[in-house]
Amino acid sequence: MEKNAKASSRDSQGQEPQLEELFIDMLKDIYWAEKHLTKALPKMKKAATTSELQNAFEDHLAQTEGHVSRLEKAFELMGKKAQAKKCEAMAGLTKEADEMAGETEKGSMTRDVALIAAGQKVEHYEIATYGTLVQLASDMHHNEVASLLEETLKEEKEADSLLTEIAENKVNWQAVEGPKGGSGQNGNKKNAKK
């Protein structure tokens with residue numbers, strides 16, 4: 001009897017309708033997040049001090065526009081219209097990025113440290129989301145959708161690695177070492193005044 005109850009809750013392809021609804025809902029969420037990032041990344045680029053970080057944000061903006069297009073294709077493959085649903089997590093992460101930049105001295109390495117930290121929080125959220133979406137799409141036998149999302153997941157991981165490289169090879173040690181990092185031991189004039 002339990003087998004019949006399970007079978008009746010599946011659609012004609014044997015998939016859980018609720019799981020597919022959740023998947024589509026998650027697509028809507030990350031679609032909003034990616035579109036939101038196309039507005040946030042130019043602000044982060046403008047706030048950055050080093051050309052390396054500015055270029056990283058600029059390059060990732062171009063990738064993010066591609067992510068939006070891929071998501072639109074994923075919706076199409078799922079037989080759905082591309083729709084965005086506000087992603088509270090991304091809204092919070094980009095708000096935090098603005099606050100972190102505002103709490104650091106303009107033109108300082110400390111500001112770049114803050115922007116890298118904020119950028120990596122965004123990347124880690126996206127990596128977690130795309131990792132889940134790839135696995136679900138694969139599990140539901142939406143292989144073309146899984147392949148599209150896997151491309152984006154790879155780019156998000158590369159963006160995260162690039163931010164780590166910029167931090168470790170330049171920004172962090174300059175923030176610690178010198179006056180360009182700000183004043184005081186922590187390189188933050190605002191905190192040094194307290």
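Visitor: Which residues are linked in a network of salt bridges?

Guide: In this predicted model, Arg-70, Glu-151 and Glu-155 form such a network. Take the pairs one at a time. Glu-151 and Arg-70 meet through their side chains at 3.5 Å, N to O. Glu-151 sits in helix α6 and Arg-70 in helix α3, so this pair ties together parts that are 81 residues apart in sequence.

Visitor: And what meets Glu-155 in a salt bridge?

Guide: Arg-70 again, with a distance of 3.1 Å from N to O. This pair also links distant parts of the chain: Arg-70 belongs to helix α3, Glu-155 to helix α6, and they are 85 residues apart.

Visitor: Is Arg-70 buried or exposed?

Guide: Read the relative accessible area, and call a residue buried if the value is under 20%. Arg-70 has 15%, so Arg-70 is buried. Glu-155 also counts as buried, because its relative accessibility is 17%. Glu-151 comes out at 39%, which means partly exposed.

Visitor: How many salt bridges does a search of the whole structure find?

Guide: Eight. One of them joins the side chains of Lys-85 and Asp-25, at 2.8 Å from N to O. Lys-85 lies in the loop between α3 (51-77) and α4 (88-102), while Asp-25 lies in helix α2 (residues 17-47), so the pair ties together parts that are 60 residues apart in sequence. Now check the accessibility of the two partners. Lys-85 is at 36% and counts as partly exposed. Asp-25 is at 29% and is partly exposed too.

Visitor: Back to helix α6. Why do two glutamates on one helix point the same way?

Guide: Start with the general idea. An α-helix has 3.6 residues a turn, so residues three or four places apart point the same way. Here, Glu-151 and Glu-155 are both in the network with Arg-70.

Visitor: What does Thr-152, also found in helix α6, touch?

Guide: Leave out residues up to four places away in sequence. Thr-152 then touches Glu-34, His-67, Arg-70 and Tyr-130. So Arg-70, a member of the salt-bridge network, is among the contacts of Thr-152 as well. Thr-152 is buried, because its relative accessibility is 0%.

Visitor: How do I check the span of helix α6?

Guide: Compare the expected span with the distance between the end C-alpha atoms. Helix α6 (residues 143-177) has 35 residues, so at 1.5 Å a residue it should span 51 Å. The end C-alpha atoms are 49 Å apart, which agrees. Look along the helix as well: α6 has a kink of about 50°, centred on Ala-167.

Visitor: Where does α2 bend?

Guide: At Thr-38, by about 35°. A proline, Pro-42, follows within four residues. Run the span check here too. α2 has 31 residues and reaches 44 Å from its first C-alpha to its last, close to the expected 45 Å.

Visitor: How many residues has α5, and what comes just after it?

Guide: α5 has 31 residues and reaches 44 Å end to end, against an expected 45 Å. Just after α5 comes His-141, with a positive phi of about 65°.

Visitor: Now the interior. How many residues has the largest nonpolar core?

Guide: It has 51 residues. To find its middle, look for the residues with the most contacts inside it: Phe-23, Leu-27, Phe-57, Leu-115 and Leu-149. Then ask which elements contribute. α2, α3, α4, α5 (109-139) and α6 each supply at least two residues. The largest share, twelve residues, comes from α2.

Visitor: What does Phe-57 touch?

Guide: Leu-41, Met-44, Lys-45, Ala-48, Leu-115 and Leu-163, again not counting residues up to four places away. One of these, Leu-115, is itself on the list of residues with the most contacts inside the core.

Visitor: Last, the whole chain. How many helices and strands has the protein?

Guide: Seven helices and zero strands. Along the sequence the pattern reads α-α-α-α-α-α-α. The protein has 194 residues, and 42% of them count as buried. For the surface, take the exposed area: about 10,800 Å², with carbon and sulfur atoms supplying 50% of it. For the contacts, take pairs at least 6 apart in sequence: 76% of these join residues at least 24 apart.

Key. Residues are numbered from 1 along each chain as its sequence is written. This is a predicted model: local features need pLDDT of at least 70, side-chain atom pairs count only at pLDDT 80 or more; totals for chains, interfaces and linings use all residues. Side-chain values use heavy atoms; hydrogens and water are left out. The expected span of a helix is 1.5 Å times one less than its number of residues. The bend at a residue is the angle between axes fitted to the seven residues ending there and the seven starting there. A salt bridge is a side-chain nitrogen of Lys or Arg within 4 Å of a carboxyl oxygen of Asp or Glu. Buried means under 20% relative accessible area, exposed over 50%, partly exposed in between (1.4 Å probe, protein chains only). Contact means heavy atoms within 4.5 Å. Accessible areas come from the Shrake-Rupley method with a 1.4 Å probe; for residues, only the protein chains shown count as cover. A nonpolar core is a set of buried Ala, Val, Leu, Ile, Met, Phe, Trp, Tyr and Cys residues joined through side-chain atoms within 4.5 Å.
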